[in-house]
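Subject: That structure you asked about

Hi,

Here is the structure to open on your screen. Have a look around first, then read on for what turned up.

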Amino acid sequence: MRRTETTIAALVFAIVFAIYARTSAPGLGTVDSGELTTVAATLGIAHPTGYPLYALLGRVWLLLTPGSPDRAMVLFSVLAGALTGAVLAAGAYRLLRQHTQAAPALAALSAGLLALSWALTSVAWESVAFAEVYPLSSLGTAILLYLAILADTAPPDSSFRLALLAAFVWGLAFGNHLTIIWQFPLVLFILSRGRSWIASIRLLPFSAAAFALGCSLILFLPIRSSLEPSLDWGDPETWTNLLRHMSAWQYRVWMFTGDIKSQVLKLLSYVAALPPLWGWPLIVLSAAGAIGALIWRRWLAVAAFLAWLISALYNLNYDIPDINTYEIVPFPDIFLLALFGLLAVYAIVPLLQRVAVLRAAFFLLFCGLPAVLGFAANHQRADVSGARFASAFARELLRTVDSNAVILHGNWDIQSPAIYEQQLNRYRRDVAIFDLNLLQRSWYFPSQRRDHPSLCEPCQADYERFLAAVRPFEADQPVDGAQIEDAYTRMTNCVVQQARAQGRPVYLRDLASVNHPGVGVGLARIPGAYFDLLSDSGVAQSLLEFANIDTTHSMRDPHVRVCLREAVNSTIHRGSYLASIGDSTAALELAHIVSNFAPGLSAVSNFRRQLGLPPLVDSAK
């Protein structure tokens, strides 16, 4: 059995890796891709929860992989996704051989096709498009499922080793993403399988030790933080900061919000989103598997169902923009439920157990058809092999600012790729970038002080004042919001004043969205290519060259659409300013640029109307 299991797992891995590698991005994506790639390359500390497993494995992967780090870390996601498919195929083969009369070849082919069906769903396929931590966590879930299948089918004498291994893997995966914690029903199943309650309780200390050993990887965070890496998010050098960082404390504002009505609406929205994410075949099979598990007390399937259900309920109460990416972590549970759905149908149809031809047709149809449908439905959407927007956009924005510029803004979709471009590609290292959102955190200013001492050291007293004001907030104590905002504004304006005193151009953006209107107040602002230049006179020289922004295969990404809309609005804002000072020629040139790039935006139509230009003709009519 083991040789066939290994063979089918290897074949699934090769096929999935080839498909994923062919359709994945050539480099950075939006959101966290630039930051995570830089963390892997420099052994830095990423945003909460730090992801030490991803950072360490990513660093090893980069040492072994030729080429640019951005593409290499995309392939790291591809590797994790392909390994997940292989592990699921191995587990499916073992269950099919255990619970059906399928011949080894039929069981292997069916298991491989069903694993391909899972891999070619939208949620699995799109999760490996860019560098992200979620495919690695999904692999952790798949390994726990495989160990649970072994516990369900292996001899009793191996159960102790399986229990310790499961606890260790669970702890190790905990060092990548905290949502793996909701897979505890699988771990409990492994611990209790074939044992009395007394024997299971006696096993707990050993399992706890194995779990702690896996979790010890988290110690990387305080150790590395003590060495002051360039990326040191949260400064988790102390126990307090480590606990705050690992618990994702700063994201609590998005946790468990809203009344019952909003929760019901989120639930309905979630259910409506499942068909395009999973595909109808997996939905039907997994529903059958969940029902069958509850009726026939298939405790392995019940554990997988509970793990998925708890994860889904947690995700519904977490209001972050990219919450759909969390779906991939418990998604292997759905694969197991779909497999048990097949087994349930097989069990209640006697002809499948007696007639080999019908049995073969049944398994090949119900395992192969979802794979074909998944590929047909998702390959075009999942293909982002030409997506180069994130790096191109960040580089273009950095190009438009003057030498030794200081930028203060609050857009993470710019900040994340800019981190990569500056630290690894060494592009525009003369520019100092301050994230207005991160400046609200006590750890960020010291980090910037290490990189930009001439700007920050003279503002140390203002930082101390801000620290005193914000510490009660970070300790969950009563706070004076006005006092915090005043201290924040003083600290940030001090950086602005130091830059101007040194003759460095200062650019501002996103003050309204981050809700800090006092920053730069009283200083004249001249619309630039994207950022506003703080200057008493003159006109910013650089223009935004939309031809330098590669939007191929990227417009489906909502983050890309927002960035491009802001770029167009910035160009319009600059054009309106030029028109107001009498430079109508330059204003008309900008109107021509945005009309060609985004003719359908209402802001473009309004701008043309402002300049007295005729409305654009709809070429579709």
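Let's start with one residue: Glu5 is buried, at a relative accessible area of just 5%. Keep in mind that this is a predicted model.

So what does the side chain of Glu5 meet in a salt bridge? The partner is Arg94, with 2.9 Å from N to O. Glu5 belongs to helix 1 (residues 2-23) and Arg94 to helix 4, so this pair ties together parts that sit 89 residues apart in sequence. Arg94 is buried as well, with a relative accessible area of 9%; the cut-off for buried is under 20%.

In total, the structure holds 13 salt bridges. Here are a few others to click on.

Arg244 and Glu474 also meet through their side chains, at 4.0 Å from N to O. This one links distant parts of the chain: Arg244 is in helix 12 (residues 239-246) and Glu474 is in helix 23 (residues 460-474), 230 residues apart. Is each partner buried or partly exposed? Arg244 counts as partly exposed, at 21% relative accessibility, whereas Glu474 counts as buried, at 9%.

Then there is the salt bridge between the side chains of Arg428 and Asp430, with 3.0 Å from N to O. Arg428 is buried, with a relative accessible area of 16%, while Asp430 comes out as partly exposed at 27%. You can also look for a network: Arg509, Asp510 and Glu566 are joined into one by salt bridges that share partners.

Now for the nonpolar side of things. In soluble globular proteins, nonpolar side chains tend to be buried together. In this model, the largest nonpolar core has 160 residues, and those with the most contacts inside it are Tyr54, Ile190, Trp278, Phe331, Leu336 and Phe434. Which helix gives the most to this core? That would be helix 4 (residues 69-99), with 16 residues. Helix 4 is also where you met Arg94.

Try selecting Leu336 and showing what surrounds it. Leaving aside residues up to four places away in sequence, Leu336 touches Leu95, Leu145, Ile149, Leu300 and Ala304.

There is also a second, separate core of 31 residues. Leu533, Ile572, Val604 and Phe607 are among its members.

Write back if anything is unclear, and have fun clicking around!

Cheers

Notes
Residues numbered from 1 in each chain as written. Predicted model: local features only at pLDDT ≥ 70, side-chain atom pairs only at ≥ 80, totals over all residues. Heavy atoms only, no water. Core = buried A, V, L, I, M, F, W, Y, C linked by side-chain atoms within 4.5 Å. Buried < 20%, exposed > 50% of the residue type's maximum accessible area, 1.4 Å probe, protein only. Helix = DSSP H or I, 4+ residues; strand = E, 2+ residues; numbered from the N terminus. Contact = heavy atoms within 4.5 Å.
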